[in-house]
Each structure stands twice: as C-alpha cells, then as structure tokens.
Amino acid sequence: MYPDLLGAWHPTDNAPLSPHDLPPSSTQIVRWCCPINPAHSWREAVHDFVQHAREGRPCIICEHGWSLDTLKLFLETLLPHLNELNSSELFLIAQQAGLLDTTGDTNKVIRSLIDQSLQRDDLAGLLTGKQSLHQLATRRPPPGLSRNEDELPQLQTFDLLSAYDSPLFPIQDERAIAYLIESGVQKLWRRTLEHPEETLASLNHTPDTPYATHIKTRFLDEYAAVNALTIPPDYALRIDGVPTPPSLLQRLLAYRIGTRRRTGIFTGTGSGKTIAALLGSRVINARVTVILSPHYVVPMWEEVILNAFPNSEVCTGTLSPVWKTPTGPRYLVLHYELLQLPKSEDQLRRFIERHPDLDCCLVDEQHLSKVRHPNQLSLRRQRLNLFTTLAAQQTPDFALVAMSATPILNTLEEGRSTLELIRGEALPHLETAATIPNAMRIHQEIVLSGFRWIPPYPMRYQEEHVEIDCTADVPRIQSLPSSAGILELEQILYTIRLPALLRLLTPKTMIYTNMIEGIVEPLAQAIRSAGWRLGLFTGEHKDGVGDFLHGDTQILIVSDVAAVGFDGFQRVCHRLICLNTPFTAGLYDQLRGRLLRLGQPHHTVEVFLLIAVATIGTSRWSWDREKLARLHFKRSLADAAVDGIVPDTPLQSQQQAYRHLMGWLSRLGTPAATLGHNS
Ligand SMILES: [Zn+2]
C-alpha cells in the first residue's frame, strides 16, 4: 500500500490484516473509511480503491452517494451504540454522513432511526438479510413506541461512553464535538442524580477510549468539585419546619453558576431551581442580586430568599430601592412590567450607576410572562438586554442565570433569544425557521448553555381521558365560517364538554382553559349555579388565588398565566381538569408541574382531559385527540429544540393543525348525508 493512502484503511475492521502486508495491486477486499467523513465506510478490493483514489476520488460515498451495501456497513457500525444515542445525536450522525439528503426507502429508514421508532432488532434483521430495506421502510411501528433516553434501562454506563468513540461521529466540527462531550457529561449527571451509587460504581468499568475517557474525567472532576462546594454558613432553609440541605442537583447548579457565570437552569418543575439559583448567588458572594420574574411570583421569591438566607435584605417592585443594610447581601425582585414603562430605561441606567456592587441577575421564566402585544415583548427584551449589558460592562464577573423548565414553548426565536441572553451577544447565525435541522442546531446550543434534567416525580400521576361524544354537534362545527379560527371551535366544544366537567368537580379542583373569550364567563356562571364557591386566576382576574390557597374557595379557573412559575397550588390541590388541552408539551409540563411538585401531600395527582370525539361513518374526528397526540409524542418543534427529540411527522403549527382538521371535516360533504343515523 502507498503510505499516503494509509489514512483510508479502516482502523479496526480489517484485523488481523495490515495495510503493509498488501501490495497496491492486491485483489483482497478490505474495508475503507473516508478521509473526509468518518461516517463513510465501504468494502472494496485494494487495487480498485488505489485506482480511484489516485484519480482524486478516494471515497465512493462522497462520489456516488449511498448504496445499499454502504448503508448496511454504516448501520453495522451504528448498531452496537443504538440504545445509548439520543435522537439529536443520531440526527447529527446522519446529517454529517449525508444521509438526510437521501431519498426513498433509505431516507424513510434513516428517519425512523432518528426518531427511534426503529429498534435494534429491526436493523439486525436488515443486516442478516431477514428483512429488506423496503420492508423496514414500510413497516414503521405506530408513533408512541419510540423510546426516550430517560426510560432506557439504567446503568449501561459502559455502553453510553463507548458510543462516543464509534467511528461515526464527526470529528471536524468543533461545535459538534463540544456538544457531544457536554451531552455525555449531562447524561452521566442525570444517571447520577437518579441512581448515585450504581452510576458511580459503574464508572470503574468504562472503556479506555479517547472520548469516553475525556467525558468521564470531565464528569468526575466536576462531581468532586460539586461535593467539595462550601455551603455558605448562613444557609438556613427549612421546608415545613425541617432544616433541608441543598440537593446534589442544587449544588451542581450553584457550582456551575460559580464557574460559568452565565448559564441556564433548564431543569423540570419542582426540581428546586429557585434555591439552586439563590445558592449560586451566595457561592459567588454576590452583593446585589436582581431577580426578574413574572408579577405573581414576586412574593414567592421574597419568601424563599428570607427562608433560605434569613440575613438577606429583600426589596421588591421598585428600581429605586432604599437599602437598610447597604453592605450585606441584597436582593431586588422585579416583575417584567417594570421594564416596559416610559421611564424604565432612565431608571435602569440610574439603578446600575448607583449599584456598582450589582453582581448577579436571575432571569426567571422570561418567555412565559404573557404580554398583550408583541411589541411590548420586544420592548421588554430590549430593556432586559440593555440592563444585563450595562451590568456586565460594569462588573467583569457579572453572573446571569436564565431559569426555565421550558425554555422554548412555541417558536425557535424563543430559543435563540434565551441563548442570546445567556451569552450576552447576538447569534444571528442561528436560524429560526421551523425546520428540524434548525431545531437541532438550537438544541446543541441549549445543551452547551445550560443544564437540563426532568426529575422523576415522587408522587403518582394519573391522567384520565374523559371522552365526550360530539357527533351530534358536527353540523355546528362544519357550519363555522371559513374566517373562524381556534377560538370559535373551542367555544362550541366548550358547551359540549361542560356537563362532563361539572360532574368531575370536587372541593379544591383547578380548571385550566387556554381560551378566555366567550368561555370563562359562562363557565364561571355555570359553576356558581351548581353551588360551588369559585375563584379566577386568568390574567384579567387574579383575585381568586388567595382564597383558593388559604380560604374557602373550592374551585379555581386558571389560564396559561397560572401555568408558569407559581408555587403553592400543590399544597391544597391535587386535581386538575383541562377544559381544553394545552397545545405544546412544554406548556402541559408547566401546568402539571403546578401540582406535581415538592410539597404535594397527596400520593396521586389526578389530571382529567376532556376529549370531544365525533364518529362519522367509520372515521373519528377529534380536535382534542389531535392535540393530545402532539403532547404525548412530543411532536412539536419546542421539544425538538429543548430535548433533542426529533419529531416523527412534519412539524405543524397550531394554525396548520386546525386547518388540517377542519379541511378534513369539510371534505366529508354535507352533514346530513354523512352523519346518517348518528345525527
Ligand atoms: Zn466520503
């Protein structure tokens, strides 16, 4: 073999043959790998390879694209690692290998591989010839069978780490390498948070390969530092009167605030983000910390600060605080509305001038506080940017922590803007059009910018789907004018769901609706007429909360406002009825997270979803089922970007899903003809 071609010799698969044993004219068939793209690998006689390599075309996949044989070699290399790679990592591999651009059956099989609806056994069948590519491509299992990293059998730490040293991973792209390493470290952390002893013990028996060793060392160094973290002596948190030390997760997050300064906390609801962020502010000895939060969460912040660090001073709701102890640790809790007043900009500048000791800013759920007009949101963003930029210029080590269980709810713009806030710079190269490659890029950056973990809930979660037949109402739905939208459809469905909802009421039940107009008022009347004491927490009316938490209000109607950040419902309520189904999994997680969290005294949290279904001939129509399917299969773009879960069908916006379903309904023809005896 010629020395300059040795790089294409497959490093492992040709043993015991050595390239030095073979002359360039040899007809021996061996395995080669592409000098440009490590995911390209094929078998070919030495002299054939030498011939086209000498013509400047060393890789037959770069040259001719994927064939069934080269695809099989690729899958053969991938197979041992399949269970340990999440779908964003598989996406990255397929993208780098050029497999996303394939067509036909190959493309279908690759997509099933990425969304993890194809399993090891299916692929093994292809490799042994028991199944054809076409069979695999057409025999896709129904959605929902796809698995999730966190549901895998635990503790295959050996396999997890060896996956990163498979020859499939791209080694040229620095950002991709950084992502893969951080993704591996976070996987080890998540396993450790759930099964500390087993995971740490299993790390003694891990592969000795470069990436595996690198990831393991990074993790173990951080683990040691997190355990050695000094908890400030004035930490005094008590929960229900019991002194409560910080959890391992809270120590980790506080440590990362200390070392990274600008970071995201993207852990699930109820995981203790608030304490983690406050602990972080103490770890860096912040003198003044500004907290920005939704309006109704301000009192909670004040309470928790004084509970965890009683020697703190807390001011709320003003940009001109007057401090009683101008040297001790001080916290200013502001709600976002304060950023969008006409005088806000001057006040922010003056605040920063007067506070050279401003060391830290905690930004709590910045996307989720609802605004009436989009330009208010952008004004708020501008002011937030101005504030954090000026603060960072004034204090070199300024810490900024973005906190959210759901950093993206709807659009990729939200993801980019969170990343820009954390990095303190514009990221125009991150594209935000609703495509899967864009979502995956943003996912990689989210992983690099913050820590994500959804804790297993300590209490049981029971979700009941209450099916309501709306067949008789199909003519009403069909006669909606084409100018009508989701609100009008929901107004009709509300009347259909109401009787079932009234039957489900018991004292201390929460009712969620994402539509207000024409729904909340009649709903409130109907509930009061049924004899219940009712409160409202819907953006317009927030007065019902106090009496629901502490008084004799029995039923509380909440809107999206309540789904975000509010802590306290779980102490009095374990029963939630969704009048309509939230449209994104992120919002649904937020909503359930109000009850599924620390301080919930009941063993079981019950959530009821009211599902209207029409039967038309042999078909079933259901707007609610459509939304539910999205939630359960996590098909939305937000999930792709936050959790790296690649959707298994084309991405649809809420409006597209609506038009799709209504179009289907109108194609059925006139109600009288189709409904037959059902009407
Ligand atoms: Zn190639």
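**Exercise 1. Leaving aside neighbours within four places in sequence, find which residues Val290 is in contact with, and work out whether Val290 is buried or exposed.**

Step 1. Start with the contacts. Once you skip the neighbours within four places in sequence, Val290 is in contact with Leu332, Leu334, Leu358 and Cys361. Keep in mind that you're looking at a predicted model.

Step 2. Now place the residue: Val290 sits in strand 6, which covers residues 288–293.

Step 3. Count neighbours. The cut-off for buried is 20 or more other C-beta atoms within 10 Å. Val290 has 26 C-beta neighbours inside 10 Å, so it counts as buried.

Step 4. Look at the rest of the strand. Six of the six residues of strand 6 are buried. Val288, Val290 and Leu292 point one way, while Thr289, Ile291 and Ser293 point the other way.

Step 5. Try one distance for yourself. From C-alpha to C-alpha, Val290 and Cys315 are 9.7 Å apart, though 25 residues separate them in sequence.

**Exercise 2. Find which strands pair with strand 6, and give the strand order of the open sheet.**

Step 1. Take strand 8 (residues 330–335): it pairs with strand 6 in the parallel sense over six bridges. Here Val290 has Leu332 as its bridge partner.

Step 2. Move on to strand 9, which is also parallel to strand 6, with five bridges between them. The bridge partner of Thr289 in strand 9 is Cys360.

Step 3. Carry on from Cys360, which stands opposite Ala399 in strand 10. Strand 9 (residues 358–364) and strand 10 (residues 399–403) pair parallel over five bridges.

Step 4. Put it together: the open sheet has seven strands in the order 7-8-6-9-10-5-11, with parallel pairing. Its edges are strand 7 (313–316) and strand 11 (450–451), each pairing on one side only.

Step 5. Add a helix. Helix 12 packs on this sheet and touches strand 5 (262–265), strand 10 and strand 11. The directions of helix 12 and strand 5 make an angle of about 160°.

**Exercise 3. Trace the pairing of strand 16 with strand 13 and strand 17, and say what kind of crossover links strand 16 to strand 17.**

Step 1. Begin with strand 13 (residues 509–512), which runs parallel to strand 16 and is joined to it by three bridges. Ile511 has Ile577 as its bridge partner.

Step 2. Next comes strand 17: four bridges pair it with strand 16, again in the parallel sense. One pair to look for is Arg575 and its bridge partner in strand 17, Glu606.

Step 3. Follow the chain from strand 16 through helix 24 (residues 585–593) to strand 17; this β-α-β crossover is right-handed.

Step 4. Check both faces of strand 16 (residues 575–578). Arg575 and Ile577 lie on one side, Leu576 and Cys578 on the other, and all are buried.

**Exercise 4. Where does Thr406 lie, and why does Thr406 count as buried?**

Step 1. Look in the loop between strand 10 and helix 17 (412–423), and you'll find Thr406.

Step 2. Thr406 is buried because 25 other C-beta atoms are within 10 Å.

Step 3. Skip residues up to four places away in sequence, and Thr406 touches Gly586, Asp589, Gln590 and Val642.

Step 4. Compare sequence with space: Thr406 and Asp643 are 237 residues apart along the chain, yet 9.8 Å apart from C-alpha to C-alpha.

**Exercise 5. Which residues touch the most other members of the largest nonpolar core?**

Step 1. This core has 166 residues, and Val363, Val401, Ile557, Cys578 and Ala641 touch the most other members. Strand 17 (residues 604–616) supplies the largest share, eight residues.

Step 2. Zoom in on one of them. Beyond four places in sequence, Ala641 touches Ile408, Leu412, Gly415, Ala439, Ile442, His443 and Ile446.

Step 3. A bit of background: in soluble globular proteins, nonpolar side chains tend to be buried together.

**Exercise 6. Which element has the lowest mean pLDDT, and which the highest?**

Step 1. Get the overall picture. The mean pLDDT of the chain is 85, with 90% of residues at 70 or more.

Step 2. Compare elements: helix 28 (residues 671–675) has the lowest mean, 44, and helix 12 (residues 248–260) the highest, 97.

Step 3. Mark the weak stretches. The pLDDT is under 50 over residues 141–155 and below 50 over residues 670–679. Where pLDDT is low, the predicted coordinates should not be read in detail.

Key. Residues numbered from 1 in each chain as written. Predicted model: local features only at pLDDT ≥ 70, side-chain atom pairs only at ≥ 80, totals over all residues. Core = buried A, V, L, I, M, F, W, Y, C linked by C-beta atoms within 7 Å. Buried ≥ 20, exposed ≤ 12 C-beta atoms within 10 Å, placed from the backbone. Helix = DSSP H or I, 4+ residues; strand = E, 2+ residues; numbered from the N terminus. Contact = placed C-beta atoms within 7 Å. Pairing = 2+ DSSP bridges. Right-handed = clockwise from strand over helix to strand, strands pointing away. pLDDT = per-residue confidence, 0-100. Axes fitted to C-alpha atoms, helices over the stretch in contact; angles between N-to-C directions.
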